[in-house]
Amino acid sequence: MEFDWHGGTISRHTVIDAHYRNTQNVRRFLLAQCGPQFTFERDFMVWIRDGAVKTMGDVADEWLRRHRMAG
């Protein structure tokens with residue numbers, strides 16, 4: 001059964017599937033996890049959809065890692 005990226009409850013354990021979309025629901029989750037400075041960037045979106053198994057927790061952690069290194 002595919003996850004509803006528009007209205008499903010996203011947690012850090014939610015697995016990225018082939019139907020993943022950058023929805024407002026995903027944005028709300030990542031804003032809560034990463035803070036108000038969160039934005040979707042092209043290279044980050046490519047990383048999310050690269051086919052490797054990952055969870056939304058992995059996604060949040062990677063965004064934070066990239067921005068700690070950049071700042």
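## A three-helix chain, in conversation

Reader: Happy to look at this with you; what share of the 71 residues in the chain is buried?
Author: Keep in mind that this is a predicted model. Counting a residue as buried when its relative accessible area is under 20%, the share of the chain's 71 residues that qualifies is 35%.

Reader: Which pattern does the secondary structure follow along the sequence?
Author: The chain has zero strands and three helices. Read from start to end, that gives the pattern α-α-α.

Reader: How does the radius of gyration compare with what the globule rule gives for 71 residues?
Author: The C-alpha trace spans about 40 × 25 × 20 Å along its principal axes. For 71 residues the globule rule gives 11 Å, and the chain is close to that, so it is as compact as a globular protein of that length, with a radius of gyration of 11 Å.

Reader: Which helix supplies the largest share of the largest nonpolar core?
Author: Good one! That core has 17 residues, and Y20, V26, L30 and M56 touch the most other members. At least two residues come from each of α1 (24-34), α2 (42-48) and α3 (56-70). The largest share is five residues, and the helix supplying them is α3.

Reader: Which residues does Y20 touch, leaving out those up to four places away in sequence?
Author: Y20 is among the core members that touch the most others. With sequence neighbours up to four places away set aside, the residues that Y20 touches are W5, V26, F40, I48, R49 and M56.

Reader: And how far apart do the centres of the positive and negative side chains lie?
Author: The chain carries 10 positive and 9 negative side chains. The distance between the centres of these two sets is 4 Å.

Definitions and conventions
Residues numbered from 1 in each chain as written. Predicted model: local features only at pLDDT ≥ 70, side-chain atom pairs only at ≥ 80, totals over all residues. Heavy atoms only, no water. Core = buried A, V, L, I, M, F, W, Y, C linked by side-chain atoms within 4.5 Å. Buried < 20%, exposed > 50% of the residue type's maximum accessible area, 1.4 Å probe, protein only. Helix = DSSP H or I, 4+ residues; strand = E, 2+ residues; numbered from the N terminus. Contact = heavy atoms within 4.5 Å. Rg over C-alpha atoms; globule rule 2.2 N^0.38 Å. Lys, Arg positive; Asp, Glu negative; His and termini not counted. Charge placed at Lys NZ, Arg CZ, Asp CG, Glu CD.
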